[in-house]
Amino acid sequence: MAANLSSLLNASKALTSHLSRPDLPSVNLSLEQIEAQSRRLVSRQPGTSGDASRANYLLAQAHVDAPALANSIAHLNTQTTFSPLQALQDTDVAGYLRHAHEQNLISTIEEGRKETQEEFYRVLEDRGRRDWEAKKRRVFEQLGARVVGENKAVAEMKKSSHGKSLLSTSVGPAPSLQMQSKMMAYDHVVSELNTSRLRGTSFPIVHALIQASLSANSDSGSLQISQNFHVLSKITAEPPSLPPIAHAGAHILNTPLIERKYARAYLGDPESREAVELRRQIAKGAREALEEQYWDVVERTLQARAQEARLGGDPSVSNKIRAYVSVRHYRMGEWEDRVELVAGQPLWARLFYMIRTGHLQEALAEAMQHQVAIERRESSFLSHLRAWIESPDRRLPKPHRDQLHAAYNAHMLHSSSADPFKLALYKLMGKIDPSRRSVAGVTVTTEDWLWFQLSMVDEDEFGGLRGLSEVLLGYGERHFDGAPGQKGAKRGVWAGVLLMCGQFERAVAALWDHNEMEVEAVHLAIALAYHGLLRVPLRAETSDITPLTLSSSSPPALSLSTLIWRYIRQFVRMDAREALQYVYSVCLSADQPGGAGKEQVETAWDLVRRIIVLANTGAAWEELVGGFRPDGTRFSGAIEQSASLLKLDDTRAYNEHILERAARASEEADRVPEAIKLYNLAGDYVTVVGVLARALGSTITQPSVDDKARAVERTAADVLRHYERTNRAVGKERDAVVRLLRVREAMDAKAVGRVEAALELMESTDLIPLEADVAKITKRAEEFKDLPDALQRNLQTFLQLTMDVLAAVHQKVKASSLPEASRQTTIAMLRKKSRALLIFAGNLKYRMSPDVYSYLARLDVEIAL
């Protein structure tokens with residue numbers, strides 16, 4: 001039968017063999033597919049769906065049986081999706097548990113995926129919001145600068161190309177009255193710091209900032225900032241605040257120099273011994289700060305609830321802790337659940353709170369008083385406690401740790417009734433299970449939790465302080481400060497957390513992100529830089545949006561110069577000297593390796609030059625840069641007196657990097673008088689007269705003389721008198737200034753009708769030959785090409801002014817009552833001068849507008865008539 005079918009198939013293929021074409025594919029379809037094709041042909045009748053038919057046709061060409069798949073989907077039963085592949089018997093407990101375990105794993109993975117996805121989008125949204133807020137604030141700063149800075153100086157800067165590029169350096173909006181009050185509370189600290197730096201002595205800046213923060217205001221935010229500064233004082237082990245001023249010098253001289261004390265360890269190899277010791281000190285200092293803070297909580301609690309505490313007349317630590325434990329954990333005549341009594345006393349709780357407040361020796365003494373009762377319950381506890389307290393880094397030797405771990409695992413790990421304070425003591429001494437650094441009922445506040453983390457940190461295990469930093473960064477600001485705008489959100493807590501784990505740059509940035517904390521952020525950054533605990537980025541890595549630079553290949557860095565400039569631009573015009581005090585802080589990072597230190601110094605120079613250009617003129621401006629007394633002697637300004645803070649070792653460097661470049665910037669910003677004074681202070685006398693010549697040349701062509709032009713002329717006159725007396729800057733440029741001043745005098749004389757005086761002044765300039773000697777006129781025309789550019793550019797002005805004066809004198813002489821002979825003689829002389837001027841103009845006609853030459857010719861004709 002099969003052979004017959006095969007032969008039949010071959011015969012049927014032979015029937016169409018003459019019709020086959022090799023360029024067409026063969027069709028091999030099953031009966032079901034043939035049926036589907038038939039149905040497709042039927043569906044092409046009117047009223048059927050053409051799109052579905054075409055889709056089925058295309059799928060069939062790809063050997064996809066769409067109707068069969070549609071039928072399978074239609075009969076799919078999803079109820080058994082999470083059922084076991086094989087049915088479980090009612091008595092198959094192991095199979096049921098295995099299946100339940102697998103489903104729990106699947107559910108956990110799915111929930112973890114969802115949480116990760118939600119957290120990703122939340123972090124993305126939070127980062128986007130932060131970037132947008134930073135960008136928006138920067139835009140508003142620029143807009144505020146343009147609105148508030150529409151004064152004369154900034155408007156002048158906008159006129160020049162350099163001024164346009166300096167829009168970002170213009171002044172910002174004035175701070176509010178409340179902000180000004182806060183800023184004034186801090187600015188004297190920076191001034192005192194720089195005074196100490198100039199003397200080469202130490203200054204306890206962190207303690208000074210604590211006092212400033214307390215004096216600014218007493219709200220909760222200020223108290224949190226004061227606590228953050230206190231944490232930094234413990235981390236840096238900074239000496240306490242200075243004694244009275246009368247003895248301050250002797251005190252400072254007896255203290256070690258603390259400026260940049262930790263820079264080498266902080267900025268160097270993070271795996272070096274110095275860096276490890278620094279991280280240990282950071283953890284220890286932060287822990288001690290939290291212990292002091294909690295002791296303050298204990299004393300305030302006892303004062304507030306004195307009747308419950310029943311402290312009596314014993315002010316000892318032991319008695320205060322006894323009273324505090326009673327207030328906290330004794331209710332309605334009973335102790336709280338799980339508080340274990342030893343000899344009738346909550347001894348574990350007392351010992352913990354003594355250690356929590358930093359009174360380790362008192363805790364050991366308290367334990368020794370109850371030695372017998374303790375050894376009945378925990379035989380080796382006292383020896384462990386003594387070894388732990390006497391250890392310099394609170395680290396037990398291995399034998400003690402092994403015994404502690406064994407005791408903890410034996411009867412405390414899985415106990416539901418163990419005293420939580422005893423659990424905490426064991427975990428602290430043995431650093432047990434560092435991945436779970438909390439104890440229910442003990443670490444109840446953020447500060448308690450942080451203290452416990454810091455107490456469990458070990459630089460030899462589990463990543464040390466850097467490992468803790470990664471954990472805390474995973475929590476983020478929202479976990480500690482609350483969401484921005486959230487009611488009850490605490491500002492400054494997250495910055496304090498970052499300080500405690502050594503993330504100093506992030507701590508400053510966390511404060512800077514909140515407008516109300518910008519003042520504290522700047523001063524915290526200065527204090528960190530002073531101690532050498534701030535890393536600054538290279539100029540190429542600095543962002544225009546945020547001062548914090550984050551990179552996967554290097555530690556975080558903070559642009560101190562960016563913070564400083566955005567801060568001082570608010571008051572740079574009002575108080576330039578105070579703004580300079582902050583700029584001096586930029587050079588604190590001059591010793592940072594890798595080129596960043598050198599860039600910081602150059603940035604500080606640039607900021608100083610900006611302040612010079614933007615500062616208000618007058619006596620205060622001269623106090624800033626220096627000047628000359630009436631007798632010609634020079635006096636130095638505040639910048640030169642503090643040049644060592646800018647790493648400028650001599651006068652030449654000061655002149656080159658500050659005065660001369662500030663003078664060029666002032667000139668480009670069209671602040672000519674200031675530029676001239678700066679060039680003069682720098683001793684660049686040739687440039688002074690060159691700037692004067694250019695400035696006077698520009699004012700000559702103005703139709704009306706304003707105050708600015710008059711100021712330039714007065715400055716030029718003063719400089720000329722001084723230079724003539726001292727014989728400085730002799731040459732064509734100085735002669736050009738003399739001539740331009742005389743031209744201005746001639747213009748003023750003509751304006752008031754003193755045309756004869758105006759003519760004499762123009763003749764004294766010797767710019768235009770008025771003698772009828774063609775050879776001399778031609779020679780003078782050739783020599784005119786060698787005059788300074790300020791004179792050449794004003795040729796038309798000189799010619800028109802002189803011809804106008806000649807015409808005015810001519811009209812005046814013609815209308816005068818002089819004797820006829822004298823009048824005719826004077827008129828003839830005026831005609832000769834007019835003719836000489838016209839010949840001179842003809843030789844230089846190519847340098848003038850045709851209209852000007854026509855105007856001169858017309859006046860010459862009028863004079864000749």
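**Ring pairs, a charged pocket and two unusual backbone angles**

At 6% relative accessibility, K431 counts as buried, since the cut-off for that class is under 20% relative accessible area. This lysine belongs to a predicted model, and its place in the chain is the loop between α21 and α22 (446-456). The backbone of K431 also deserves a look: its phi is positive, at about 50 degrees, although the residue is not a glycine. As background, most residues other than glycine have a negative phi.

A237 offers a second case, with a phi near 55 degrees, again a positive value in a residue other than glycine. A237 is found in the loop between α10 (220-236) and α11 (248-253). With a relative accessible area of 52%, A237 is exposed, whereas K431 is buried.

Attention then turned to the aromatic side chains. A pair of aromatic rings is described by the distance of the centres and the angle of the planes. Searching the whole structure gives 19 aromatic pairs. In one of them, the ring centres of Y330 and W335 lie 4.9 Å apart with the planes at 65 degrees, so this pair is edge-to-face; the class calls for an angle over 60 degrees. Both partners can be placed relative to the surface: Y330 is partly exposed, with a relative accessible area of 36%, and W335 counts as partly exposed at 23%.

What is the geometry of the pair formed by F352 and F421? Here the centres are 5.7 Å apart and the planes meet at 50 degrees, so the pair is tilted. F352 lies in helix α16 (residues 347-356) and F421 in helix α21 (residues 420-430), so the contact ties together parts that are 69 residues apart in sequence. F352 counts as buried at 3% relative accessibility, and F421 is buried with a relative accessible area of 2%. These two phenylalanines also belong to a wider group, as ring pairs link Y294, Y324, F352, Y353, F421, W451 and F452 into a cluster.

Rings in this model have charged partners as well. The charged end of R535 sits over the ring of Y266, at 4.6 Å from the ring centre. In another example, R610 lies over the face of W565, and the distance to the ring centre is 5.1 Å.

Empty space was examined next. Rolling a probe the size of a water molecule over the atoms shows where such space is left. The second largest pocket has a volume of about 800 Å³. Its lining comprises 35 residues, of which E622, P673, E674, K677 and T715 are the closest to the pocket centre. The elements that give two or more residues to this lining are α6 (152-159), α31 (619-625), β5 (626-628), α34 (672-681) and α36 (707-726). Which element gives the most to the lining of the second largest pocket? That is α36, with 11 residues. By residue type, the lining of this pocket divides into 15 charged, 11 nonpolar and nine polar.

A short stretch of strand pairing completes the description. Strand β3 (residues 548-551) and strand β4 (residues 554-558) run antiparallel and are joined by three bridges. A hairpin connects β3 to β4 through two residues. Within this pairing, T549 has A557 of β4 as its bridge partner.

Note on methods. Residues are numbered from 1 along each chain as its sequence is written. This is a predicted model: local features need pLDDT of at least 70, side-chain atom pairs count only at pLDDT 80 or more; totals for chains, interfaces and linings use all residues. Side-chain values use heavy atoms; hydrogens and water are left out. Rings of Phe, Tyr and Trp (its six-membered ring) pair if their centres lie within 6.5 Å; planes under 30 degrees apart count as stacked, over 60 as edge-to-face and the rest as tilted. Buried means under 20% relative accessible area, exposed over 50%, partly exposed in between (1.4 Å probe, protein chains only). Helices (H or I, at least four residues) and strands (E, at least two) are DSSP runs, numbered from the N terminus. A charge sits over a ring if NZ of Lys or CZ of Arg is within 6 Å of the ring centre and within 35 degrees of the ring normal. On a 1 Å grid over the protein atoms alone, a cavity is a set of points where a 1.4 Å probe fits but cannot get out, and a pocket is an open set with protein on both sides within 12 Å along at least five of seven lines; lining residues have an atom within 4 Å of a point. Grid points are joined across faces, edges and corners, and a volume is the space filled by probe spheres set on the points. Ala, Val, Leu, Ile, Met, Phe, Trp, Tyr, Cys and Pro count as nonpolar, Asp, Glu, Lys and Arg as charged, and the others, Gly among them, as polar. Two strands pair if DSSP finds at least two bridges between them.
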